[in-house]
Each structure stands twice: as structure tokens, then as C-alpha cells.
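Please read this report alongside the sequence and the structure, which are displayed just below.

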Amino acid sequence: MVIATVAGSVLLAGCVWYVDHASRGHLYSVETVPAAPVALVLGAQVDPDGTPSPFLAGRLTVAKRLYDTGKVKVLLVSGDFGQPDYDEPDAMRKWLVAHGVPVRKVVVDYAGFDTYDSCARATRIFGIRQAIVVSQTFHLARAVALCRHLGIDATGVGDDSVRSAWFDWWRATVREHAACVKAVFDEATGRDPVFLGRHETGVEDGLR
């Protein structure tokens, strides 16, 4: 039991270190991030009425700032639409359009079921080679590390606006450490996303 606990702790610490190392030097603020063609905005919880949760609204606010300041030209919103009554990507698009982003500049990925899938589909389905990844700061290192491993020249900008909800933030941060183990496993196995499919031209069309 003791050996298993120690081994598990070493594995967890090693995976967290790897993710931090892989993303080091690639995390920025909105003001300092180098411009890129696209922002990859990762999904999060949507309320039953279709309203983005505070975590998701924070990400969308950062994405809008990147667009408004000319740091990116297109926003790829990637999230979970695995059930007919739960739709993160359309909720994200509606929020952005309602807040002034032109609809043709918001491209939707309905099969971003987790961070790895979102990053893999961004390059394999949407043809992205360079992007700014948008999420909460506690999640950003893993997201950037995965995107870079998958061939995207990725930087990241994080949202801290929900930090005041300290318990939810703490719980998500703890969960994020465990998710680093899955990230390393996904990289090691090189698994395909849950859904692939044909090349989609939405990002290319938005950049024209």
C-alpha cells in the first residue's frame, strides 16, 4: 500500500512537472501575447438554459478581448455537444456574437469532448498550425502543452476572473493535477479523437 501510494505520488508529480515544462515560456496576458491567426477557445459548463457558466464566460471574455485588440482574426470555439440537450459550442458562439464578434469570425467545433480532442481536431480537422489557446489559468499549461505536442505553435492566455469563487477554483485546480496524468497518457498513446471526419474550412473562410 505504501509503495503504491509513493509510486502514485511520483507519477502525479512527474506528469505535472512535464506539463509545466512543456508550456513554460508560452503563457501570456492579453496585452503581451504575440498575435496569431486563431484563438482556440476551450469549452466549459453551460447552464440548463444555455447560459455559459462563470468559468466559460470568463474564457469568452478573454477571447473577445483578443479579437477586439487584433491579436487574432478568428475564434474557434470547441466544446461538448455529446447530447441533444447539452451544447457548449453553440452557447459559446451565441455569447460571442451577442457581444459584437461577427458571426463569420466564430467557427464551431462540436466534438471537443476534452482538451486533447479539442487540440487534435484543431489541427487535424480545421488545419490550424498556430493559435492562442484560451482557458482558465489553472488549465492553461496542460492545454498549451497538448496543442504543442500535436503540432500547433501554441501560446496561451488565461482567465482569472472566477478566482473569487475560491472553493470551485481550488477544486478545479486539484482536478487539473490529476488531468495531467491523462494528458501524458494521451500523448504517449497518440490516440485519435473520439470523432474525426473530413477537413472543415470554417477557419480558412474566416481568415479570408
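The sections that follow treat one helix, two helix pairs and three single residues of a predicted model.

## Helix α2

Helix α2 covers residues 54-68. With 15 residues at 1.5 Å a residue, α2 should span 21 Å, and because its end C-alpha atoms lie 21 Å apart, the expected and computed values agree. After the helix comes Gly70, which has a positive phi, near 80°.

The buried residues of α2 are Phe55, Leu56, Gly58, Arg59, Leu60, Val62, Ala63, Lys64 and Leu66, a list that includes the charged residues Arg59 and Lys64. As general background for reading such a list, an α-helix has 3.6 residues a turn, so residues three or four places apart point the same way.

## The packing of α2 with α3

Helix α3 is formed by residues 88-98, and its axis lies 10 Å from that of α2, the two helices packing at an angle of about 50°. Angles from 35 to 65 degrees fall outside the roughly parallel and roughly perpendicular classes, and α2 is therefore oblique to α3. The crossing of these two helices is right-handed.

On the α2 side, the contact is made by Leu56, Ala57, Leu60, Thr61 and Lys64, while α3 contributes Met92, Trp95 and Leu96. By class, the residues of this contact comprise six nonpolar, one polar and one charged. Among the contact residues of α2, Leu56, Leu60 and Lys64 also appear in the list of buried residues of that helix.

## The packing of α4 with α5

The second pair consists of helix α4, residues 115-124, and helix α5, residues 137-149, whose axes come within 9 Å and cross at roughly 40°. At that angle α4 is oblique to α5, and the crossing is right-handed.

From α4, the residues Thr115, Tyr116 and Cys119 meet His139, Arg142, Ala143, Leu146 and Cys147 of α5. This contact holds five nonpolar, two polar and one charged residues.

## Thr155 in strand β6

Thr155 belongs to strand β6, which runs over residues 153-159. Its relative accessibility is 11%, and because buried means under 20%, Thr155 counts as buried. When residues up to four places away in sequence are not counted, Thr155 touches His26, Tyr28, Val33, Ala131, Ile132, Val133 and Val144.

## Val184 in helix α6

Val184 lies in helix α6, residues 166-189, and with a relative accessible area of 26% it is partly exposed. Leaving out residues up to four places away in sequence, Val184 touches Cys15 and Tyr18. Val133, which is one of the residues touched by Thr155, is 51 residues from Val184 in sequence and 19 Å from it in space, C-alpha to C-alpha.

## Pro193 in the loop after α6

Pro193 is placed in the loop between α6 and α7, the latter being residues 202-207. At 6% relative accessibility, Pro193 counts as buried.

Once its neighbours within four places in sequence are set aside, Pro193 is in contact with Asp117, Ala120, Arg121 and Arg124. Of these, Arg121 is 72 residues away from Pro193 in sequence, yet the C-alpha atoms of the two are 7.1 Å apart in space. The partners of Pro193 carry numbers that fall within residues 115-124, the stretch assigned to helix α4.

Note on methods
Residues are numbered from 1 along each chain as its sequence is written. This is a predicted model: local features need pLDDT of at least 70, side-chain atom pairs count only at pLDDT 80 or more; totals for chains, interfaces and linings use all residues. Side-chain values use heavy atoms; hydrogens and water are left out. Helices (H or I, at least four residues) and strands (E, at least two) are DSSP runs, numbered from the N terminus. The expected span of a helix is 1.5 Å times one less than its number of residues. Buried means under 20% relative accessible area, exposed over 50%, partly exposed in between (1.4 Å probe, protein chains only). Axes are lines fitted to C-alpha atoms, for helices over the stretch in contact, and angles run from 0 to 180 degrees between N-to-C directions. Angles under 35 degrees count as roughly parallel, over 145 as roughly antiparallel, 65 to 115 as roughly perpendicular and the rest as oblique. A crossing is left-handed if the near helix is turned anticlockwise from the far one by less than a right angle, and right-handed if clockwise. Contact means heavy atoms within 4.5 Å.
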